[in-house]
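The exercises below concern a single protein model and are followed by worked solutions. Please examine the sequence and the structure before reading the solutions.

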Amino acid sequence: MPTTYEWIKDLSPEEKARFYFEKRNRNVIGLNPRDFKYVDYKDPYSLDFFAKCPVCGKICAVDQFGNGKCNNCSWGLYRDDEKIPDKAQYPNLISLNKARRLYREGKPLKPDFDDFIEGLESYSEMTFYYKGIEAAVYIAEDDCIRLEYGGQTDDFSNAEEFHDNARVDGKLLKEIWSKVEKADYMQG
């Protein structure tokens, strides 16, 4: 079998540069496999494997790390789901055991207000929509919880104060939570 040097020694400087680029970036997400000429590109996050959804039991496509999304119940599969079944962990806002219970009851896998706060405490940045307006909730640099919604910013000294006093459109968030949409971890 030839060494890398023997294999590329007759390539032009441009082609050698291309080879080293491909070798260095062969597992970078977002690159197009068709653009690779010399190195066999393999997206490490491609859904090439299968796993049983821990919530509904259907078969799901997952990546090599065990991460994916169930097309049946929308559970975000994560390789460590079973290790902490009573705690919400990314990418889901509810715990695995709660998701199983909600699925058995025929209810959507939607986080309640306490689940949202638990996610905030572990992830530190959350978002949701109310009446089509996005809200950002995050732990600020001074360790307060900051809620930004509709051009207004409110700070809360801790999770309990946020739970009891957070308002959007003049309404307590805990009382209108059922009308909140797209509650999730903040992305980028």
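**Exercise 1. Determine how much space lies in the largest pocket, and describe its lining.**

Solution. Step 1: the space in the largest pocket is about 390 Å³. The model is a predicted one, in which local features need pLDDT of at least 70, side-chain atom pairs count only at pLDDT 80 or more, and totals for chains, interfaces and linings use all residues. Residues are numbered from 1 along each chain as its sequence is written, and side-chain values use heavy atoms, with hydrogens and water left out.

Step 2: fix the terms. On a 1 Å grid over the protein atoms alone, a pocket is an open set of points with protein on both sides within 12 Å along at least five of seven lines, whereas a cavity is a set where a 1.4 Å probe fits but cannot get out; lining residues have an atom within 4 Å of a point. Grid points are joined across faces, edges and corners, and the volume is the space filled by probe spheres set on the points.

Step 3: list the lining. Lys69, Ser74, Pro91, Leu109 and Ala183 are the closest to the pocket centre among the 18 lining residues. Strand E3 (68–69) and E11 are the elements that give two or more residues, and E11 gives the most, with four. Here helices (H or I, at least four residues) and strands (E, at least two) are DSSP runs, numbered from the N terminus.

Step 4: classify the lining. It divides into nine nonpolar, four polar and five charged residues. Ala, Val, Leu, Ile, Met, Phe, Trp, Tyr, Cys and Pro count as nonpolar, Asp, Glu, Lys and Arg as charged, and the others, Gly among them, as polar.

Step 5: inspect Pro91. A cis peptide bond joins Tyr90 and Pro91, with omega about 15°. Pro91 belongs to the loop between strand E4 (76–77) and helix H3 (96–104).

**Exercise 2. State in what order the five strands form the open sheet, and follow the pairing across it.**

Solution. Step 1: the order is E8-E7-E6-E5-E11, with antiparallel pairing. Strands E8 (152–156) and E11 (181–185) each have a single partner strand, so one side of each is left without a neighbour in the sheet. From one strand to the next, the twist averages 15°.

Step 2: take E5 (residues 125–130) and E6 (residues 133–139), which are joined by six bridges; two strands pair if DSSP finds at least two bridges between them. Met126 is opposite Val137, and Tyr129 has Glu134 as its bridge partner. The hairpin of E5 and E6 has two residues between the strands, and Lys131 in the turn has a positive phi of about 55°.

Step 3: continue to E7. Five bridges join E6 to E7, with Tyr138 opposite Arg146.

Step 4: finish at E8. E7 and E8 are joined by five bridges, and Leu147 is partnered by Asp154. Two residues separate the strands of this hairpin, where Gly150 takes a positive phi near 55°.

Step 5: add the helix. H4 (residues 113–123) packs on the sheet and touches E5, E6, strand E7 (145–149) and E11, contact meaning heavy atoms within 4.5 Å. The direction of H4 makes about 145° with that of E5. Axes are lines fitted to C-alpha atoms, for helices over the stretch in contact, and angles run from 0 to 180 degrees between N-to-C directions.

**Exercise 3. Establish where Asp143 and Lys182 lie, and whether each is buried or exposed.**

Solution. Step 1: Asp143 is in the loop between E6 and E7, a hairpin with five residues between the strands. Asp143 has a positive phi of about 70° although it is not a glycine.

Step 2: at 61% relative accessibility, Asp143 is exposed. Buried means under 20% relative accessible area, exposed over 50%, and partly exposed in between (1.4 Å probe, protein chains only).

Step 3: Lys182 lies in strand E11. Its phi is positive, about 50°, although Lys182 is not a glycine. With a relative accessible area of 61%, Lys182 is exposed.

**Exercise 4. Identify which residues Asn165 touches, not counting residues up to four places away in sequence.**

Solution. Step 1: Asn165 lies in helix H5 (residues 159–165) and is partly exposed, with a relative accessible area of 41%.

Step 2: under that sequence limit, Asn165 touches Phe156 and Leu172.

Step 3: the C-alpha atoms of Asn165 and Asp154 are separated by 9.9 Å, the two residues being eleven apart along the chain.
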